[in-house]
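I sat down with this model and kept short notes on what I looked up, in the order I looked. Have the structure open beside you and follow along.

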Amino acid sequence: MAKEKKEKNFRKIKRNNSWISILFFTLAIGLLTVLVLAFVEFLFSYAVDSKASGQYESIKYMARLYDSNANIEETEKYKLLNEEGREYFIIDNNGEVIYSYGKNTCSDIGKTVYLGISDENVVAYKDTEIGYVYPTNNHALYLDYKSFIKNEFKIDEDGVFIGTRDEGDRTIDYDRINNLDNLDDMEYASEINDIVSNKLPVWLSVDMGDKTLIAKAYITLSANDLGLFMIMGIVMSFIVIILFIIVVSNVISGFVRQRRITNFFFTDHVTKSHNWMWFKTKGEQFLRRGSTAKNKYAIINLVFVKYRTFCLCHSIEEGEDVLRKVNDLILSKLEKKEMCAHVTNSNFALLLHYTDADDLDASIKALITELEQIDTEHKFAFQAGINKLDVKKDENGKILKRKDLDIDKEYNNACAARATFEGSEDSGVAYFDNKLVEEQKWIDMVQEKQQQALDNEEFQVYYQPKYDPRTNELRGAEALIRWQSPEYGFVSPGRIIPIFEKNGFITEIDHYMIQHVAKDQKAWLDKGLKCVPVSVNVSRAHFIESDLAEQIRDMIDKEGTPHNLIEIELTESAFFDDKNAMINTIEKLKSYGFAVSMDDFGSGYSSLNSLKDMPLDVLKLDAEFFRGDNDNNRGEIVVTEAIKLAKSLNMRTVAEGVEIKEQVDFLAEQGCDMIQGYYFAKPMPKDEYEQRMSN
Ligand code: C2E
Ligand code: CA
Ligand code: CA
């Protein structure tokens, strides 16, 4: 959960930055555009308003002229008005035209407009021939007076209008006017002239009581007005551009900053190349894509074995140098869309594409071979754990996206495969499979249950008798553990002892076994049975305890068992630890009367040296001597000599794992004292062993 949250936050940081920038950018540009438009609109409306007011005042003057000459003839009054040189007409209350001067192009589309400058509401009518159009350099702006609805028309170099103007009752198609200087179509002449002279005609009305005077007014926008708009426009555009640059540079620097942060997150400080975070983020995105579902990929954990030791013997700088070289070499081998990242000191993560598993295996082995020789002076070792991601299909054979792929988990599986080399320092390649998971689950389960199993006495002591090969007499036995688990049934020691040895629980087990064997022996003795010595395995992990011999003695004394009935088996590998401590413990054990044997002699490491130093009583020849072919009798020669050696050192010999009669006969001939093997008996429960004793 915590991991998911962390990832989410990381993505949020990445996303937020760009979203905030883009939002801010859009808002700022939008706001500025609205501001500029509003400002130009305001200037324009103010200019139009003041022109219209001026015209209105002179039309009002005509009305006053009419009124103040009440006592002269109507026709004389009109003559006076005509002298004003303005086109006008007068209507009565029924809307009938009483008098008209000049061309009446007034339309009946009118509305009441407020003239701010005159502070009056006036009814204004559209001119039929033209709306309100004024030209700029290469545009014609059509203005619906006072409503500020503008339509734009382009004028090309030859002065040709392109576009249409919708006037409600008719559509003026400007394509029909070809040239401003050479007009064929006279219908639009006045319109064009008006446009050219910047005149916006409108009919304004003045109420005269029983009549209404409606006169044509020209709202003329002078070059100065247009110039003012232009300057304002330029200034505003300039401000917009500056702000635009600021915003853009802010956005860009935001992106750059974000890139830097991303790079910081994604860069490994040792290799200066990609790190795990990068691999995880990019790799997961990549593998989850639909387009990669049809391909096979392998996630690999590549480990530079003994990196720490190399750093210890040389220096961290030299170690890091090698890591860089390793990284570079891997990178040089990668195909497009394959990935490599340095995860932690000796670990690299790789994502490789493959089609054939054998080819993949060969190429990884080839890579390792090259990596081993990356430094001319040293030979390195590299181990690879490989987790193959096959193509996923549903029951109908349809390819499925790896949409839930968790790269952490997949890489961990690769690491688990690599971990099977733990303890080895050689190069190698290991593959992940589900057996590994089962194995790990078993280990976890055993660790979880171990204490409870001990407390509930689920561990049982099995006895494997040792016989004299000449007389077939019972001469001894080895105590071997078995786990009778209520859930998992009968479990052999091979599946639990290595786990206990790793986690340290083996010391509890050894105590448990010693106590139970001592108790059993005492009980048999009390029953009057002919008891023989029983050997108990004591793990090497125990030998760090300096009072081990005393502990063993006390446990046995607690049961009241004679010491000569208990033998202690030590494995050969244990002799490599602290030799002096070991000798000390063996001597103490012997002084208390316990026999001490060397288990598994001849397996693994040579222990002739230990034989020299350790005052042991019994030598147990490892079962391996009696396995496989006995070419040229070499095995027999070694066994013969080992028995001789033991005899010269005053040690008794026990041959382990003997299964066939020929071996028994041979060992008898060579003077081997005891045989512990399936030929005579397998390890058996206590009751069965008790019966053998009585026979
Ligand atoms: P080990 O001490 O070498 O025990 C001998 C093993 O060889 C036993 O396996 C025994 O069953 C097996 N064996 C004996 N004769 C024959 C034979 O003729 N053929 C074959 N194929 N096998 C034979 P087991 O009981 O499975 O024990 C395995 C190992 O587990 C033991 O090897 C010992 O290292 C360890 N172990 C068992 N019990 C204990 C214990 O109580 N404490 C400790 N520390 N280790 C134990
Ligand atoms: Ca043993
Ligand atoms: Ca053994």
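**Entry 1: a helix length check.** Before judging a helix, I noted how its expected span is obtained: 1.5 Å times one less than its number of residues. The model is a predicted one, and I wanted to try this on helix α13, which covers residues 548–559. With 12 residues at 1.5 Å a residue, α13 should span 16 Å, and its end C-alpha atoms are 17 Å apart, so the two agree.

**Entry 2: which side of α13 is buried.** Next I listed the buried residues of α13, which are Leu548, Ala549, Ile552, Met555 and Ile556. Looking down the helix axis, I found these buried residues within an arc of 135 degrees, so they line one face of α13. What do they pack against? The partners are α12 (506–526), β23, β24 (566–571) and α14 (579–591). Just after α13 comes Gly560, and I noted its positive phi, near 75 degrees.

**Entry 3: the whole chain.** I then stepped back for an overview. The protein chain has 18 helices and 29 strands. Its length is 695 residues, and buried residues make up 45% of them. I also looked at how contacts are spread along the sequence: among those with a separation of 6 or more, 62% join residues 24 or more positions apart.

**Entry 4: the calcium ion, ligand 2.** Which residues coordinate this ion? I found Glu478 (OE), Asn537 (OD1), Glu569 (OE) and Asp599 (OD), at 2.2 to 2.3 Å. Along the chain, these donors follow the spacing E-x58-N-x31-E-x29-D. Two of them bring distant parts of the chain together: Asn537 sits in strand β23 (residues 534–538) and Asp599 in strand β25 (residues 595–601), 62 residues apart. I checked the accessibility of both. Asn537 is partly exposed, with a relative accessible area of 24%, whereas Asp599 is buried at 4%. The cut-off matters here: buried means under 20% relative accessible area.

**Entry 5: the calcium ion, ligand 3.** The protein donors here are Asp599 (OD), Asp600 (OD) and Glu656, which is listed with two OE entries, and they lie 2.2 to 2.5 Å from the ion. In sequence, the donor residues are spaced D-D-x55-E. How far apart are the calcium ions, ligand 3 and ligand 2? I read 3.9 Å between them, with Asp599 coordinating both. Asp600 is partly exposed, with a relative accessible area of 22%.

**Entry 6: around ligand 1.** I counted 22 residues around ligand 1, and those that come nearest are Gln464, Glu478, Arg482, Glu659 and Tyr678. Glu478 is thus on this list as well as among the donors of the calcium ion, ligand 2. I then went through some polar approaches to nitrogen atoms of ligand 1. Gln464 has a polar side-chain atom 3.0 Å from a nitrogen atom of the ligand. For Asp510 the corresponding distance is 3.1 Å. In Arg627, a side-chain N or O atom is 3.4 Å from a ligand nitrogen.

**Entry 7: Glu567.** Is this residue buried or exposed? Glu567 counts as buried, because its relative accessibility is 6% and the limit for buried is under 20%. The residue is in strand β24, one of the elements that the buried side of α13 packs against. Its side chain makes a polar contact of 3.4 Å with that of Ser597. Leaving aside neighbours within four places in sequence, Glu567 is in contact with Lys466, Pro533, Val534, Ser535, Val536, Ala595, Ser597 and Val618.

**Entry 8: Asn327.** I found Asn327 in helix α7 (residues 316–333). With 0% relative accessibility, Asn327 counts as buried. The side chains of Asn327 and Ser273 are joined by a polar contact of 3.4 Å. Not counting residues up to four places away in sequence, Asn327 touches Thr271, Ser273, Cys340, His342 and Phe348.

**Entry 9: Val437.** My last stop was helix α10 (residues 434–455), where Val437 is found. Val437 counts as partly exposed, at 25% relative accessibility. Its C-alpha atom is separated by 8.5 Å from that of Ala416, 21 residues apart along the chain.

Methods
Residues numbered from 1 in each chain as written. Chains lettered and ligands numbered in written order. Predicted model: local features only at pLDDT ≥ 70, side-chain atom pairs only at ≥ 80, totals over all residues. Heavy atoms only, no water. Donors = N, O, S within 2.8 Å, 3.2 Å for Na, K, Ca; no water. Helix = DSSP H or I, 4+ residues; strand = E, 2+ residues; numbered from the N terminus. Buried < 20%, exposed > 50% of the residue type's maximum accessible area, 1.4 Å probe, protein only. Arc of directions from axis to C-beta. Contact = heavy atoms within 4.5 Å. Near = heavy atom within 4 Å. Polar contact = N/O pair within 3.5 Å; in protein donor to acceptor, adjacent residues only side chain to side chain.
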